[in-house]
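Trainee: I'm new to this structure and would like to learn how to read it. Could you walk me through some features, one at a time?

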Amino acid sequence: MNFVGSHILSVSQFDRPAIERVFEVADQLEPYAKRQRVTRVLEGAILGSMFFEPSTRTRVSFGCAFNLLGGEVRETTEMKSTSIAKGESFFDTARVLSGYSDVIVMRHEIEGSVAEFASASRVPVLNGGDGANEHPSQALLDLYTIRKEVAAHGKNIDNLRIALIGDLKYGRAVHSLCRLLSLYNNIEFILISPPELALPAHYIDGMRAAGHRVIESSELQSSIGKADILYVTRTQEERFPSPEEASKYKGLFRLNQSIYTEYCEPNTVIMHPLPRDSRGNANELDNDLNENPNLAIFRQTDNGVTIRMALFALILDVVNDVDKYARDVNWYTDKRFK
Amino acid sequence: MNFVGSHILSVSQFDRPAIERVFEVADQLEPYAKRQRVTRVLEGAILGSMFFEPSTRTRVSFGCAFNLLGGEVRETTEMKSTSIAKGESFFDTARVLSGYSDVIVMRHEIEGSVAEFASASRVPVLNGGDGANEHPSQALLDLYTIRKEVAAHGKNIDNLRIALIGDLKYGRAVHSLCRLLSLYNNIEFILISPPELALPAHYIDGMRAAGHRVIESSELQSSIGKADILYVTRTQEERFPSPEEASKYKGLFRLNQSIYTEYCEPNTVIMHPLPRDSRGNANELDNDLNENPNLAIFRQTDNGVTIRMALFALILDVVNDVDKYARDVNWYTDKRFK
Amino acid sequence: MNFVGSHILSVSQFDRPAIERVFEVADQLEPYAKRQRVTRVLEGAILGSMFFEPSTRTRVSFGCAFNLLGGEVRETTEMKSTSIAKGESFFDTARVLSGYSDVIVMRHEIEGSVAEFASASRVPVLNGGDGANEHPSQALLDLYTIRKEVAAHGKNIDNLRIALIGDLKYGRAVHSLCRLLSLYNNIEFILISPPELALPAHYIDGMRAAGHRVIESSELQSSIGKADILYVTRTQEERFPSPEEASKYKGLFRLNQSIYTEYCEPNTVIMHPLPRDSRGNANELDNDLNENPNLAIFRQTDNGVTIRMALFALILDVVNDVDKYARDVNWYTDKRFK
């Protein structure tokens, strides 16, 4: 895969060397993401941030990643009264808007819309989420987090044992992560969900065809004992026919510190694509886990900035220049990243 | 006209030397607009972007123009729950907000509102559109595009033959463009519209009084043969008494590649202030023109960034310093501007 | 008080030396706020601006202050469809968002919400207003304005005579200002309000206990003769049970030039936290005062930028580096600050 000038639309664009290249660049950029160093390598460049569906964290994460490389961000966060309402084609919108920036990140509720936009754009486009379809930077940051977390215990992604827990039917993040993990060797997937929210069969077939082990379960405690990673997900309420239907599945697999202590191996890493549902009837990850050093959910979201910096640096071909435009951070950053 | 510290509120502020000064500076800034060079001449300066009426492209175009000169942009895009609702006068709003930035661009739906704001502002104000009244940077970028497009064929604005097509009654862009063109010599205006949407008589009288030829027509094919420029416009639906009334006039003057080939001289330039209405019942400029090299509509919108950079540089008096703060672009920009 | 890395949540954090340290830094930063000098000391730093309640001037003032120190701003201005709607706890929101920036400014309609957010944030948080509770930067800019205005007449804050006029019951700005002034010596507070909108007794008790004189009045003309400062406030309509109830109190204490000339000492300074209600039934400060050189209301809002710059510089520990990253302004700024 050649990153320079490319769109990033789907995890299916990535083979294992491409993923490892992203991670290698992310490792290089980590001191900048963690405010130990400042780089101005993209000073003068502009990110067009088009969030046609509301988003706070993905939008801000991409924006910060671009700022941390020294670039500017011009944002659009709504579509009311826009030109599309006046009969403008997506082609025209993409041609016009792509004249204003050096790279675009776009979220849109319609599946495939970002790819359609990209096909008319004159600059590289990153998919920031197109409905239930793809959100490739999320999958990359999840895998990058797995790599970093297990590395701390002397392991790597090959031979990983990962429990995927919750709504595996509608969870876009889980689907994409499974596709990326399948590129590695000898993964054990422990799928824990109510039968109605099981991972769709074609994903399981694909994982098995690639030589991985897949175990299905509808019970939490008995299934998590051998996992290196617990990847807990939110019930994707908004994709269900009704909130009542969704609420039947909430709170089925609550994890808390006492379950963790009793059933998990030491150092089992807890992940979640966030937001976690902390309301009483869901309580996916209990607050008593907040002091558990293996709760990786905030390191996971922090890694999102690093991964997005890596994607920008690769696409805009500045990887080798980042350090040339660098200096140490000169302001207070003490409590920030532990 | 002295640009330094001036408000830009109306095309009527511009005489021919002033226009030519803007174009001269735009030519100088083009390498920066096209990402061949980066300048930081306005590093530390702040543009206050106040879009009290929603807009994506004008807002982003102004913001990018300021970023490309090295400045920062602070945006306000809504007026809900603002101080005006608490009884604040426009005078106070302008005094306060003009304390936060070095220059302001403002769009507001009420005619004359931007001029009223400017009269109380302590910093220069650019009109980004005040209702049906004025949008001076649009007229300047249109004229700049005409100049560049016909120059490629060895012509200039004097002696130009331009067909203005569509809704000439309500089109703010057309009105302003006619005023600017009238400052040049020996223009032939070919006005093609249904009689009900004809250019208002006082514009025509003014053009004739200035020594130009004006031809009126209600038929497309027979009228475009001698034009250097076809300037097509959208039916300004939102200014009609009802959508039904507007829809009577949609699709009357569709241009496509076969009409172009049969009726136009080679190299006739096609322009449009955008957005073009591409819905079936309008289809002002058919998609089969997209590969026609004389379709200038996206070069036109790109020129908008350059013209806005020129206005900022002139108003803030940094024209002679732009190159001092410059360096080459160091990131990928290959496909961007052909 | 140690500023470095601290949250700024309440005026009660400040003792007199802390206030004077803020003012000293503000004085140092004034040339940057007034566009005589540019500094890039925070180049590469990111302000997370979270305005969960709409605001134009406070939001833009904080954003400009950060830009004027060289930093970038990533804004969030709405809470529609955010993660909180998906059951996310405030703890999680704060942990995640605080990973994206170096410092956060937040406004939220719920009292205490900003402090709750701050307790989970990994970076310093500034309170930009939490409902009727606190807005500490407003109180600091008010006091800074008083100091500067009376200094021009050879006076200082000790021994000040200040008339507080209007809705003293609901006015958050007045409450906080009284708390800060009480840290000084020998203040005379002249409280002018209808009895129903009097300053709550515990404030008055506190002021008297601290050794200050407090005079209460319900009549304007007879009470303003000995004041150094007239601090006029808006009837806080939105905090009343009904608009009708609020409207009973509008327009009771209108100040205009002829009252000023007849009843005030020369050089009495007029302040207002803005917005002033200029509608006919309120007309708190008549427009005929706009040419009065002692009308300090726009210098007051300008000082807000300077004070916020000082807070950022102190919290992020760059006070001593500001001048190292500085140069003269190279663009037009003539009319800006008189």
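Trainee: Let's start with salt bridges: how many does a search of the whole structure find over all chains?

Mentor: The search finds 72 salt bridges over all chains. Keep in mind that this is a predicted model. To call a salt bridge, look for a side-chain nitrogen of Lys or Arg within 4 Å of a carboxyl oxygen of Asp or Glu. One case is B:R276 with A:D92, whose closest N and O atoms are 2.5 Å apart.

Trainee: Where do the two partners of that pair sit?

Mentor: The pair crosses between chains. B:R276 belongs to the loop between β10 (269-271) and α10 (297-315) of chain B, while A:D92 is part of helix α3 (residues 90-97) of chain A. Both B:R276 and A:D92 are buried.

Trainee: What about a pair inside chain B?

Mentor: Take B:E188 and B:R213, where the closest N and O atoms are 2.1 Å apart. B:E188 is in strand β7 (residues 188-192) and B:R213 in strand β8 (residues 213-217) of chain B, so this salt bridge ties together parts that are 25 residues apart in sequence.

Trainee: Is B:E188 buried or exposed?

Mentor: Buried means under 20% relative accessible area. B:E188 has 4% relative accessibility, so B:E188 counts as buried. Its partner B:R213 is partly exposed, with a relative accessible area of 40%. You can practise on chain C: the side chains of C:R279 and C:D277 meet in a salt bridge, 3.0 Å from N to O. There, C:R279 counts as partly exposed at 33%, and C:D277 as buried at 2%.

Trainee: Which residues do salt bridges with shared partners join into one network?

Mentor: That network holds A:R40, A:E43, B:R40, B:E43, C:R40 and C:E43.

Trainee: Now the backbone. What should I expect there?

Mentor: Most residues other than glycine have a negative phi, and most peptide bonds are trans. Against that background, the bond from A:L274 to A:P275 is cis, with omega near -5 degrees. A:P275 lies in the loop between β10 (269-271) and α10 (297-315) of chain A. In chain C, the peptide bond from C:L274 to C:P275 is cis, with omega near -5 degrees.

Trainee: Which phi angles should I look at?

Mentor: A:N283 is not a glycine, yet its phi is positive, about 45 degrees. A:N283 is found in the loop between β10 and α10 of chain A, and is buried, with a relative accessible area of 16%. C:R35 also has a positive phi, near 60 degrees. That residue lies in the loop between α1 (16-33) and β1 (37-39) of chain C and is buried at 3%.

Trainee: How many helices and strands does chain A have?

Mentor: Chain A has 10 helices and 11 strands. Follow β4 (residues 103-108): 4 bridges join it to β5 of chain A, and the two run parallel. Within this pairing, A:I104 stands opposite A:V125. Together with helix α4 (residues 113-120), β4 and β5 make a right-handed β-α-β unit. In β5 (residues 125-130), 6 of the 6 residues are buried, so this strand is largely enclosed by the rest of the structure.

Trainee: And the chain as a whole?

Mentor: With 338 residues, a compact globule would have a radius of gyration near 20 Å, and chain A agrees at 20 Å. Its C-alpha trace spans about 55 × 50 × 40 Å along the principal axes. Buried residues make up 66% of chain A.

Note on methods
Residues numbered from 1 in each chain as written. Chains lettered and ligands numbered in written order. Predicted model: local features only at pLDDT ≥ 70, side-chain atom pairs only at ≥ 80, totals over all residues. Heavy atoms only, no water. Buried < 20%, exposed > 50% of the residue type's maximum accessible area, 1.4 Å probe, protein only. Pairing = 2+ DSSP bridges. Right-handed = clockwise from strand over helix to strand, strands pointing away. Rg over C-alpha atoms; globule rule 2.2 N^0.38 Å.
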